[in-house]
Amino acid sequence: MKNSCECEDNRVYVKEDLVELIVREVQEILQKDYAESVLYKRSSNGLPLIPLGISNRHIHLTQNTFHKLFGENIEFESMRPLYQPGEFASKHTLTIVGPKLRSIPNVRILGPLRKYDQVEVSLTDAIFLGIDPPVTNSGMLENAVPLTLVGPGGSVYLDKCAIVANRHIHMTNKDAEIFGVRNGDFCKVKIGGEKSTIFQNVLIRINDNWLLQIHLDTDDANAANVREDTYVEFLGKM
Ligand SMILES: [Zn+2]
């Protein structure tokens, strides 16, 4: 078998070069398709449309709190990866209990484990539980309110853990340049459809490991009558 070929441009490629060339071309096509299909669907204003992620109530824990709730020998395990690289829905759930002893079971812990304990709920959840959490950025727990977490290995009362997460958009520095925004800016977005809605005070969060995505909680998504197969239009800074 010949170990080289003469291609259209009359250059002679050895077999290894050809394989490399084909791999590179396939990669380029896949990347281009991906960019066009997901990241750079354009809206009428020429800017990329932003894929929607809907955050149901969920929990972030430290390793220490995880072990108090599940036992020292239980390992923290992933059930399925989330859209954002490195993040996952774990196999583990807890019951959250408010001050009136009303509780919500099967609240999932998201991974990886963090440096703080945090429970993100919707306002609907908060009213049901009888708590009044602040609307704030993830990780800003100064005004967060207490909840009790109950697991199979124990329970923990957390003094400052419950918040309603800010609406926010995850993006890279490259995306930020395209949209003309900076980390910490607030912006407006529009969702189309039968219950078309404009959301204001949407926080910009930048990290080069992230994929472009807006996160709304279930109250906001339900108000606009949308599911996760939705794209959101960027309207500009506040
Ligand atoms: Zn998010």
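How many helices and strands does the chain have?

1. The chain has five helices and 16 strands, where helices (H or I, at least four residues) and strands (E, at least two) are DSSP runs numbered from the N terminus. Bear in mind that this is a predicted model, with local features needing pLDDT of at least 70, side-chain atom pairs counting only at pLDDT 80 or more, and totals for chains, interfaces and linings using all residues. Residue numbers start from 1 along each chain as its sequence is written.

2. Of the 238 residues, 27% are buried (20 or more other C-beta atoms within 10 Å of a residue's own, with C-beta atoms placed from the backbone).

3. Now the largest nonpolar core, meaning buried Ala, Val, Leu, Ile, Met, Phe, Trp, Tyr and Cys residues joined through C-beta atoms within 7 Å. It has 24 residues, and L94, V119, L147 and A162 touch the most other members. Helix 2 (63-70) and helix 3 (123-129) are among the elements that each supply at least two residues. Strand 11 gives the largest share, six residues.

4. Take V119: beyond neighbours within four places in sequence, its contacts (C-beta atoms, placed from the backbone, within 7 Å) are I59, I96, L147, C161 and A162. Another core, of 17 residues, lies apart from the largest one and includes I50, L52, C187 and F234.

5. There's also a closed barrel of six strands, running 3-15-12-14-13-16 with mixed pairing; strands pair if DSSP finds at least two bridges between them. Strand 13 (residues 186-191) pairs with strand 16 (residues 231-237) in the antiparallel sense over four bridges. V189 has F234 in strand 16 as its bridge partner.

Terms used: A residue is buried if 20 or more other C-beta atoms lie within 10 Å of its own, exposed if 12 or fewer, and partly exposed in between; C-beta atoms are placed from the backbone. Two residues are in contact if their C-beta atoms, placed from the backbone, lie within 7 Å.
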